[in-house]
Amino acid sequence: MEDICSKLDQVLEEYLNLISTYQEQWKQYSKETEGGFFQLAHSKYTMGHNRLSQDQYDGRMQANTRVLISPNTGLETNKDSWIQFTLTSGHLDDSINTEDNMSSSSLRRRTAHEFEKKEKDGTENTEKPLIKRRTRDPLNWFGVLVPSSLRESQRHFKQGFTGIINIINLRNEIIHKEAEYQALKKEKEKLIEANKKEQELKKENEKLIETNQKELDD
Amino acid sequence: MTSQTAYKDRNFIAVIGDEDSVTGLLLAGIGHVEGTKKNFLVVDSKTTISKIEETFIEFTKRKDIAIVLINQHIAEDIRQLVDDHDQAFPTVLEIPSKDHQYDPEKDSVLKRVQRLFGE
């Protein structure tokens with residue numbers, strides 16, 4: 001019984017600590033996004049409202065921020081796992097944003113390079129063009145020379161997004177801990193009930209012994 | 001036991017929010033367009049509730065989305081749908097927006113905590 005009580009206390013302490021961290025993470029996230037929104041508003045003011053709207057989004061955009069899902073077993077491997085998200089940058093699969101690779105500047109560079117080689121070797125270069133994996137920075141949707149406030153806003157939102165992943169992971173851990181706490185609580189209740197029954201049986205036995213004793217005395 | 005390979009294709013993050021929230025998250029690099037399939041919806045005064053509902057259902061049914069982010073004030077409009085979503089994937093998270101700050105009273109986790117301690 002004592003063992004289960006101390007376990008319950010420990011789980012509850014961990015649970016409350018997780019909630020405290022969760023609230024802290026929300027505060028941090030709110031602060032980051034506030035900064036992001038402020039800088040975005042400043043960019044709108046300097047660039048003009050129409051140049052920073054959804055109409056400027058790139059219709060061929062490719063995600064360069066993604067997540068990976070993995071089970072987290074925590075420190076004790078025999079316990080159930082909860083799902084953890086990990087932030088990844090860049091492409092994970094073979095979907096290449098060819099739009100940039102086919103840009104005129106890269107083609108021009110390649111032909112110039114080939115021409116030089118051709119002159120040196122006197123032979124034709126048959127090597128295939130090198131395909132680079134590149135994604136466009138979303139900042140460039142809104143122009144080449146964007147104000148520093150938009151860059152700052154992007155930095156805030158990137159930071160904030162890391163916060164979102166932390167919040168989701170914490171939430172999963174909290175739900176897992178809650179289940180652990182409730183299971184322990186049920187176990188404790190069962191033990192209490194078993195103890196009660198045992199004591200009742202003991203009392204009944206004592207009563208029986210007493211009545212038997214009295215009958216014998218009589 | 002869930003294996004990593006089972007979810008290897010689920011790595012996009014979808015967002016339903018006002019223009020500034022969506023722009024911010026797209027600046028962070030989550031935006032992805034494949035043909036007519038987008039992973040974001042900009043909600044403004046002209047967007048109908050049925051459109052939001054439709055998009056939310058689409059995002060929760062897609063097999064390549066791991067997380068759906070939705071502005072807390074928009075989630076209020078489709079509360080039933082959001083609350084009924086009980087699958088592990090995609091994970092739905094309500095986020096604050098420029099005009100609507102984070103409200104802990106509407107936070108599902110903190111609601112669970114209150115319920116646990118019988119408040």
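The chat below goes through the contact between two chains, the empty spaces and a few local features of a predicted model.

Biologist: Before we start, what are the ground rules for this one?

Modeller: This is a predicted model, in which local features need pLDDT of at least 70 and side-chain atom pairs count only at pLDDT 80 or more, while totals for chains, interfaces and linings use all residues. Residues are numbered from 1 along each chain as its sequence is written, chains are lettered from A and ligands numbered from 1 in the order in which they are written, and side-chain values use heavy atoms, with hydrogens and water left out.

Biologist: How many residues does each chain bring to the contact?

Modeller: Chain A brings 53 residues and chain B brings 48 residues, where contact means heavy atoms within 4.5 Å.

Biologist: And how much area do chain A and chain B bury between them?

Modeller: The figure is about 4600 Å², with 68% of it on carbon and sulfur atoms; buried area here is the accessible area (1.4 Å probe) that two parts lose on being put together, summed over both. On the chain A side, A:Trp26, A:Phe37 and A:Ile69 supply 14% of the area that chain A buries against chain B, more than any other three residues.

Biologist: What about polar links across the interface of chain A and chain B?

Modeller: There are 16 residue pairs in polar contact, both residues being at pLDDT 80 or more. A polar contact is a pair of N or O atoms within 3.5 Å; within protein, one must be able to donate a hydrogen and the other to accept it, and residues adjacent in sequence count only if both atoms are side-chain atoms.

Biologist: Which elements of chain A supply at least two residues to that side?

Modeller: They are α1 (2-47), β1 (65-72), β2 (82-89) and α4 (148-217) of chain A, with helices (H or I, at least four residues) and strands (E, at least two) taken as DSSP runs numbered from the N terminus. The most comes from α4(A), which gives 16 residues to the side of chain A that touches chain B. By class, that side has 33 nonpolar, 14 polar and 6 charged residues, counting Ala, Val, Leu, Ile, Met, Phe, Trp, Tyr, Cys and Pro as nonpolar, Asp, Glu, Lys and Arg as charged, and the others, Gly among them, as polar.

Biologist: How many salt bridges cross the interface of chain A and chain B?

Modeller: The rule, a side-chain nitrogen of Lys or Arg within 4 Å of a carboxyl oxygen of Asp or Glu, finds 2 across that interface, and over all chains the count comes to 13. The side chains of A:Glu178 and B:Arg112 form a salt bridge at 3.3 Å, N to O.

Biologist: I also see A:Arg155 and A:Glu152 in a salt bridge; how are they placed in helix α4 of chain A?

Modeller: Their side chains meet at 2.8 Å, N to O, and the two residues are separated by about one helical turn because they lie 3 residues apart in that helix.

Biologist: Changing topic, what is the volume of the largest pocket?

Modeller: The largest pocket has about 750 Å³. On a 1 Å grid over the protein atoms alone, a pocket is an open set with protein on both sides within 12 Å along at least five of seven lines, a cavity is a set of points where a 1.4 Å probe fits but cannot get out, and lining residues have an atom within 4 Å of a point. Grid points are joined across faces, edges and corners, and a volume is the space filled by probe spheres set on the points.

Biologist: Which residues are closest to the centre of the largest pocket?

Modeller: Of the 30 lining residues, A:Arg171, A:Ile175, B:His85, B:Val92 and B:Ser108 are the closest to its centre. The lining of the largest pocket has 14 nonpolar, 6 polar and 10 charged residues.

Biologist: And what lines the second largest cavity?

Modeller: That cavity, of about 40 Å³, is lined by residues including A:Phe37, A:Phe157, B:Leu25 and B:Pro96.
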